[in-house]
Amino acid sequence: MKPLGEPAEAAVVIGRFQPFHNGHLALVNRALLAGKWCVVIVGSSQESRTDRNPFTAGERIEMIAGALGEADRERLIVLPVPDLNDEPRWAQLVQREVLDALTERGVERPSIVLVGHFKDPSSDYLRAFPEWPLVHAEPVDDAQGSALHATDLRERYFDLPRAEALASFVGLMPSTTLDFLRRWQNTSVPDLLDMPTDFDRVLAVVAHPDDLEYGASAAVAMWTDAGKTVSYLLISRGEAGIDGIEPSECGRLRAAEQVAAAACVGVDTVEFLDHRDGTIENTVALRRDIAGAIRRHRPQLIVTLNHEDTWFGVRWNSPDHRNTGRAVLDAVGDAGNRWIHPEQIGGMVEPWDGVRWVAISGAANPTHAMAIEPGLERAIASLEAHATYLEALGGPMADARSFLTGMAQATGERFGGRLATSFKLFGEV
Ligand SMILES: [Zn+2]
């Protein structure tokens, strides 16, 4: 470590600050001690908003400057620098920006040090500046005693209910960052995009009766109204879904409820693959069955249910949903390739590579939405058609009207205030 004493002209801190947390603040404070000027390089400055880069360079500068007192802010220079694939070129760019900024402030031939956590392997890029002496700053720990990382904070911010995430950040970031994140949630969550409309056949593939009725069936009502053909493919009959009814009886009841639910939203083709409810695996056999249905129905759009590990980061998803969604995404490729499951090809069945999108209903990070108000009543009726199941289920998810209306209103907050249902769309987006 460079001894304190004569400070350098400038001390440089490099980071992405997505978001700016107490570990970053410690580096900046160390740099304010080590240099007359503290120069903060804000990396990835050119990127548009993504999960990894949710905050613009301007927003990150606001977080950094906001965390400092006025006197410190006068010695702060913040320089946004874009990513370059070529590290030596990027390092040259950083050096030039720093020197230019110091020259502008009348500092010629400056002595410069670099402040960072040099034991952290993710900080290897700091070694791209061999001519700048290093000043080591200790990392700041999180509540569990491991080094605080912005990635963990971002995951919590986007996956947990917002209030819960913000509460867990107290002590891990400056209060000014917390204030920023509290404001940001209301202003900057990007609007959902319009679902495509230029298709005429839809195949909806889900594990269980009722999986389509918690959101997607409102969209189905809108599509059938618009003259599109929608077919349902159920991997199981949901026969393990009700504790008090043994499977053969339960499967019969729930399949009948599913057919009635489909009819409410204009769907009269409902097929069942009869994989076993509760132990659906993403196997070649399942992919073959789904690919066969895709080849027969020839959809441009496929709908399925959330296949991620969790529901919104807080509740573990069921293996049936995980395996079904993944098998659907995999089977789209199978269906277009005549050499995969070739025994299906022949007669009326040809390979089908015309699937343009797979839309995931119930995704934690949806990308698209559609307005569903004219279809909402029929969607409520379609969920209520699962009468035996809802009676056994109980709780808020059994109240079809309030559950679906509440969900449509919440989605509408990111879709111009209209009642809406959302999807994460894979494919041509
Ligand atoms: Zn299910």
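**Cores, helix packing and unusual backbone geometry**

A good place to enter this structure is its largest nonpolar core, which holds 65 residues; those that touch the most other members are A204, V220, I290, I294, I302, I372 and A379. Helix α8, spanning residues 216-225, supplies the largest share of this core, with 7 residues. Apart from this core lies another one, made of 39 residues, among them A31, C38, I41 and W132. The model is a predicted one, and local features are described where pLDDT is at least 70.

Seen as a whole, the chain contains 14 helices and 15 strands. Its C-alpha atoms fill a box of roughly 85 × 50 × 40 Å along the principal axes. Of the 429 residues in the chain, 39% are buried. Among contacts with a separation of 6 or more, 75% are between residues 24 or more positions apart.

Two helix pairs show how parts of the chain pack. The first to be described involves helix α10 (residues 284-297) and helix α11 (residues 319-336), whose axes lie 8 Å apart and meet at an angle of about 60°. The two helices are therefore oblique to each other, and the crossing of α10 with α11 is right-handed. On the α10 side the contact is made by L286, R287, I290, A291, I294 and R295, while α11 contributes A327, V328, D330, A331, V332, D334 and A335. By residue class, this contact comprises 9 nonpolar and 4 charged residues, with no polar ones. I290 and I294 have already been met among the residues that touch the most other members of the largest core. Leaving aside neighbours within four places in sequence, I290 is in contact with A327, V328 and A331, and also with V205.

The other pair is formed by helix α12 (residues 373-384) and helix α14 (residues 400-412), whose axes come within 9 Å and cross at roughly 135°. These helices, too, are therefore oblique to each other, and α12 and α14 make a right-handed crossing. Helix α12 takes part through L376, A379, I380, L383 and E384, and helix α14 through A400, R401, L404 and A408. The contact of α12 with α14 has 7 nonpolar residues and 2 charged ones, and no polar residue. A379, on the α12 side of this contact, is also listed among the residues of the largest core that touch the most other members.

The backbone holds a few details worth a friendly pause. In the loop between β1 (8-15) and α1 (22-34) lies P19, and the peptide bond joining Q18 to P19 is cis, with omega about 0°. The loop between β1 and α1 is also the place of F17, which has a positive phi of about 55° although it is not a glycine. F17 has 25 C-beta neighbours inside 10 Å and therefore counts as buried.

A positive phi also occurs at R109, about 40° in this case, although R109 is not a glycine. R109 sits in the loop between α4 (87-104) and β4 (112-116). With 8 C-beta neighbours inside 10 Å, R109 counts as exposed, whereas F17 is buried.

How values were computed. Residues numbered from 1 in each chain as written. Predicted model: local features only at pLDDT ≥ 70, side-chain atom pairs only at ≥ 80, totals over all residues. Helix = DSSP H or I, 4+ residues; strand = E, 2+ residues; numbered from the N terminus. Buried ≥ 20, exposed ≤ 12 C-beta atoms within 10 Å, placed from the backbone. Contact = placed C-beta atoms within 7 Å. Axes fitted to C-alpha atoms, helices over the stretch in contact; angles between N-to-C directions. Parallel < 35°, antiparallel > 145°, perpendicular 65-115°, else oblique. Left-handed = near helix turned anticlockwise from the far one by under 90°. Nonpolar A, V, L, I, M, F, W, Y, C, P; charged D, E, K, R; others polar. Core = buried A, V, L, I, M, F, W, Y, C linked by C-beta atoms within 7 Å.
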